Structures are given as structure tokens and as C-alpha cells.
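Trainee: Before I plan anything at the bench, could we go through this structure together, one question at a time?

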Amino acid sequence: RSHFGSSFARLRRSAPWLNIMSLGTPDAINDEMVTPRSTDENEEEREVVLNVYDIDRVSGWWNEYTKNEDEPSRFGAFHVGVVIYGIEYCYQYYFDLWQEGVTGVVSHWPKSTDYTFRASESMGRTVLAETQVDALIADIENEWCAADYHITRKNCVSFAEELCGRLECPRPFPAWIKGALETARSSYVLSTVLDASWATAKWWMVWSTQNEEAKAIEGQSGGEPPTWDAPLRSRD
């Protein structure tokens, strides 16, 4: 799940022989070279598809329990990726990377992820050419930093919705995918609890990273937890 995946995706397009390599699973290598796409194939790849996943076993149980005949789950909790021109893009944070400037945008082959696939939703075809999508992704990489991730306000679902909007998809973003997030945002109590929970989790991840770095660099056996606004040590 390298944060360099999106840049590699653009390199793959400019050098067709790189198509023998898998972005999501480096050990999966195709035996055949990829032939140039026909016009019809290119038109088909203009279709934007949302891949929706269960985050873990608990969310999978909940998503299954709350689904109905019309929609997979109105109150589900999901991970979402956006597929365009044969590549799936998503947004995430990293446990040990909280510096500004590290993108949270990740690219991989469609459905090549550790999450459990649940459903796909077609958003229609984008009007943007492949090169325009490349430029758009480059801009979005700078706008969606991993350190800015928030469990309810800036996550993979809000990223997918914004990307679909900027791809000018003709179909509206499915309401059922945002069910749990909309419920959380509409409740002051629930929103407050989740904000506090995420702030605590993020603080712990920052402290754990700094503590491990201090041990490795200075040979110390431990360290004091940082303040909430403590700056991160550079990882260059």
C-alpha cells in the first residue's frame, strides 16, 4: 500500500511494458505483454466504478445485518475505491507517517486490496481523457495528505465522492455508501464521541511512532508522550 502508487500508475501508462507488473501485489506478474488498447476498449475504460468493501469482520457483520432488498446497507461502514482507466484509487492514513506532504492517495489494481469486496456501483463514463485524469490525480495527491485523514470528515468515502465529482460522473454518489457517516454527522453526541476517539487514536499513533524512532536513533528504552501539538520528527 505504498503512497508512491499513484505516481507509478502514471509511469505505467507512459511505458506500456510496465503493465506486466501489479501495483497492488508485486509478486503477481503476468506472462504476456499488454497490447495497445483499441478505441472501443478506451471508451469502456472511461466508465467510473466504485468498489465497496467491508473494513473488517465486525463491519462485515454489521453491513450484512443492516442491508435490505433495495440497498446493501443504509447504515453500513465501508472502504471505497474509485476505478477509472483500469486503476483503482483510494485515500488512507498511515500508522507511522503523520508529516505534512505525504499523500494519502493510493492506487492499485481493481479489487487488489486487503479489504473484503462487497459491491460495485457504476457512476457512468467520465468526459475526461486519460491524460486529464492523470493530471487530476496529481493535483488531488497534493490536496489529500495522509495526515489530514479523519474518521468521519475526511476519509475514503469523502475522497471517492469528491473524485467522482471532479471526474464529472453523470450519476449521483450513492447515498447508501455514506449512510454511517451521515448518521454520525447528524448526531452531535455521536459526532463528539467519534471526534474524541479519533483524536485519541491519532495521538497514540504519533506517540508510538516517535517513541520507536527515539529508541532506534538514541538507544533509549522509552520516552515521554508528546503534547497534542508536538511536531513530528523528520523521517528522511
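Trainee: Is Asp-54 buried or exposed?
Mentor: This is a predicted model, and what follows is computed from it. The relative accessibility of Asp-54 comes to 7%, and the cut-off for burial is anything under 20%. Asp-54 therefore counts as buried.

Trainee: Which residue forms a salt bridge with Asp-54, and which strands does the pair tie together?
Mentor: The closest N and O atoms of the salt bridge to Asp-54 are 2.7 Å apart, and the partner is Arg-118. Because Asp-54 lies in strand β1 and Arg-118 in strand β5, the pair ties together parts that are 64 residues apart in sequence. The partner is thus Arg-118, and the strands are β1 and β5.

Trainee: In what order do the strands of the sheet lie, and which are the edge strands?
Mentor: The sheet is open and is formed by 5 strands with antiparallel pairing, in the order β4-β3-β2-β1-β5. Two of these strands, residues 105–108 and residues 116–125, each pair on one side only, and the twist from one strand to the next averages 25°. The edge strands are accordingly β4 and β5.

Trainee: Over how many bridges do β1 and β2 pair, and which residue is the bridge partner of Val-49?
Mentor: Strand β1 covers residues 47–54 and strand β2 covers residues 78–84, and the two pair in the antiparallel sense over 6 bridges. Within that pairing, Val-49 has its bridge partner in β2. The count is 6 bridges, and the partner is Val-83.

Trainee: Which helix packs on the sheet, and what angle does its direction make with that of β2?
Mentor: The helix of residues 156–166 packs on the sheet, touching β1, β2, β3, β4 and β5. This helix is α5, and its direction makes with that of β2 an angle of about 25°.

Trainee: How many of the residues of β3 are buried, and which lie on each side?
Mentor: In β3, 5 of the 5 residues are buried, so the strand is largely enclosed by the rest of the structure. Both of its faces are covered, since the buried residues fall on two sides. On one side are Ile-87, Tyr-89 and Tyr-91, and on the other Glu-88 and Cys-90.

Trainee: Over how many bridges does β3 pair with β2, and how many join β3 to β4?
Mentor: The pairing of β2 and β3 is antiparallel, with Ile-87 as the bridge partner of Ile-84, and the hairpin of these strands has 2 residues between them, where Tyr-85 takes a positive phi near 50°. On the β4 side the strands also run antiparallel, and Tyr-91 stands opposite Val-105. The counts are 3 bridges between β2 and β3, and between β3 and β4, 4 bridges.

Trainee: Which residues touch the most other members of the largest nonpolar core, and which element gives the most to it?
Mentor: The largest nonpolar core has 37 residues, and β1, β2, β3, β5, α4, α5 and α7 each supply at least two of them. The element that gives the most supplies 6 residues. The residues asked for are Leu-50, Leu-163 and Leu-167, and the element is α5.

Trainee: Where does Lys-178 lie, and with which residue does its side chain meet in a salt bridge?
Mentor: Lys-178 lies in the loop between α5 and α6, and its partner, 17 residues apart, is in helix α5. At 16% relative accessibility Lys-178 counts as buried, whereas the partner, at 31%, counts as partly exposed. The N to O distance is 3.0 Å, and the partner is Glu-161.

Trainee: Which residues are linked with Glu-162 in a network of salt bridges?
Mentor: Glu-162 forms a salt bridge with Arg-166, the closest N and O atoms being 3.0 Å apart, and both lie in helix α5, 4 residues apart, about one turn of the helix. Glu-162 is partly exposed, with a relative accessible area of 32%, and Arg-166 at 28% counts as partly exposed too. The residues linked with Glu-162 in the network are Glu-143 and Arg-166.

Definitions and conventions: Residues are numbered from 1 along each chain as its sequence is written. This is a predicted model: local features need pLDDT of at least 70, side-chain atom pairs count only at pLDDT 80 or more; totals for chains, interfaces and linings use all residues. Side-chain values use heavy atoms; hydrogens and water are left out. Two strands pair if DSSP finds at least two bridges between them. Axes are lines fitted to C-alpha atoms, for helices over the stretch in contact, and angles run from 0 to 180 degrees between N-to-C directions. Contact means heavy atoms within 4.5 Å. A nonpolar core is a set of buried Ala, Val, Leu, Ile, Met, Phe, Trp, Tyr and Cys residues joined through side-chain atoms within 4.5 Å. Buried means under 20% relative accessible area, exposed over 50%, partly exposed in between (1.4 Å probe, protein chains only). A salt bridge is a side-chain nitrogen of Lys or Arg within 4 Å of a carboxyl oxygen of Asp or Glu.
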